[in-house]
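Hi,

Here is the structure I promised to pass on to you. Have a look at it first, and then read my notes underneath.

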Amino acid sequence: MNYSTKQIALLSDEIDLQSIKYPSAQLAVRALLKEICLSPKPGLVDMLNNGAHRDMDFSTFIASIKAISPWFDEFYHYGYTLKLNNQSDFLVGIRPIGLACEKAMYLATHNVNTHKGGIFAFGLLLGVIGYLEQRQETTNVTTICSTLMSFCHGIVKKELQLSNSNQTVGEKLFKHYQLSGARGEAESGYATVRQISLPIYNKMQQAGYDEETSLLQVMLHLLAYNQDTNLVSRGGLAGLHFVQNSAKQLIERGGATDLIGRSHLEKLDKQLIKRNLSPGGSADLIAITWFLAQYQN
Ligand SMILES: CC(C)(COP(=O)(O)OP(=O)(O)OC[C@H]1O[C@@H](n2cnc3c(N)ncnc32)[C@H](O[C@H]2O[C@H](COP(=O)(O)OP(=O)(O)OP(=O)(O)O)[C@@H](O)[C@H]2O)[C@@H]1O)[C@@H](O)C(=O)NCCC(=O)NCCS
Ligand SMILES: Nc1ncnc2[nH]cnc12
């Protein structure tokens with residue numbers, strides 16, 4: 001199924017995108033819409049099916065986006081009005097907004113986790129963009145990601161390495177496998193996006209492929225190389241490696257550039273559903289790739 005411009009426009013009306021005040025916050029919401037509409041996405045909720053999920057579907061994601069999008073203005077505003085004494089103040093101040101946004105998500109989805117990782121990532125990115133714009137500094141991939149790296153410096157050590165609470169999935173997976181998940185990606189300034197998926201997106205666009213095909217190819221590269229903690233939490237390291245190896249094979253066979261490639265994705269979707277595997281972390285990185293692509297020179 002194609003994700004058409006018309007479909008995105010209809011959904012933008014449904015979630016009242018125009019009511020979002022700041023352009024960067026609007027872009028972040030559009031990024032989430034593009035991610036959920038992109039199909040077929042193996043193991044994930046999309047326009048064709050619920051992937052390996054029994055507790056959520058396409059409409060749960062739309063309800064979630066509608067509920068969290070007003071908070072995206074708050075993340076930007078936070079950065080825009082922030083007076084920093086210490087780099088680490090940024091995370092301390094943004095956390096309550098992130099938690100309130102998560103609460104709005106759970107209320108709208110009846111306690112289903114649709115966008116916890118996405119809220120974390122876009123909260124940080126929008127806060128950083130607001131901060132840079134307050135200071136009238138250039139906002140591009142380099143400045144956004146390097147500022148994010150300095151604001152998140154030490155988060156993996158503090159919240160995963162030295163933490164003993166062992167409560168969240170992320171904390172447990174770090175203890176067992178040293179996977180740093182959403183926090184590690186943020187602290188690295190979205191290295192997986194900058195080094196792998198964004199160059200692929202650019203290459204596809206330069207070769208004349210449409211946005212949907214470019215993002216499907218991005219997704220395959222993320223499945224192949226992202227250390228997705230969602231896959232490990234559902235299927236152990238074997239689950240992660242199964243997805244990574246399958247995606248690498250599909251890339252070697254040409255990826256998602258034609259109808260045969262799409263049918264391979266549908267086959268992989270069936271395999272992931274059977275194994276109860278869902279690459280939720282890579283779904284977030286698809287949205288982040290599209291978002292950061294809007295901030296290139
Ligand atoms: C930092 C927090 C978000 C901490 O969360 P946690 O300790 O749980 O950390 P992680 O395991 O690292 O993952 C959190 C979510 O991040 C996404 N993710 C996973 N791997 C990666 C990766 N390599 N790179 C980037 N992002 C990654 C992923 O989110 C997506 O998947 C979720 C849906 O999947 P599903 O399979 O349904 O998962 P569950 O329902 O949880 O389990 P099942 O029972 O179904 O199996 C969805 O959220 C997607 O977005 C990970 O889930 C954090 O909670 C935190 O600190 N919050 C406070 C707020 C804050 O500080 N905010 C500041 C900035 S706003
Ligand atoms: N499309 C999707 N399906 C399942 N989990 C997700 N987390 C973020 N996007 C997702």
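Let's begin with ligand 1, which has 34 residues around it; the closest are Gly117, Gly123, Gly170, Gly181 and Gly280. Please keep in mind that this is a predicted model.

Which helices help to build this shell? At least two residues each come from H4 (89–109), H5 (116–134), H8 (169–177), H9 (181–187), H12 (229–252) and H14. The biggest contributor to the shell around ligand 1 is H5, which gives seven residues. Sorted by class, the shell around ligand 1 holds 17 polar, nine nonpolar and eight charged residues.

Now for ligand 2. The residues surrounding ligand 2 are Glu35, Ile36, Lys41, Leu44, Val45, Gly51, His53, Gly118, Ser278, Gly280, Ala283 and Asp284. You may recognise Gly280, which is also among the closest residues to ligand 1. Of the shell around ligand 2, five residues are polar, four nonpolar and three charged. Two helices, H2 (23–37) and H14 (280–293), each provide at least two residues of that shell. H14 has the largest share, with three residues.

H14 deserves a second look, as it lines ligand 1 and ligand 2. Is H14 buried or exposed? Of its 14 residues, 14 are buried, so H14 is largely enclosed by the rest of the structure. You can also check its length: at 1.5 Å a residue, the 14 residues of H14 should span 20 Å, and the C-alpha atoms at its ends are 20 Å apart, so the two agree.

Enjoy exploring!

Best wishes

Methods
Residues numbered from 1 in each chain as written. Chains lettered and ligands numbered in written order. Predicted model: local features only at pLDDT ≥ 70, side-chain atom pairs only at ≥ 80, totals over all residues. Near = placed C-beta within 6 Å. Helix = DSSP H or I, 4+ residues; strand = E, 2+ residues; numbered from the N terminus. Nonpolar A, V, L, I, M, F, W, Y, C, P; charged D, E, K, R; others polar. Expected span 1.5 Å × (residues − 1). Buried ≥ 20, exposed ≤ 12 C-beta atoms within 10 Å, placed from the backbone.
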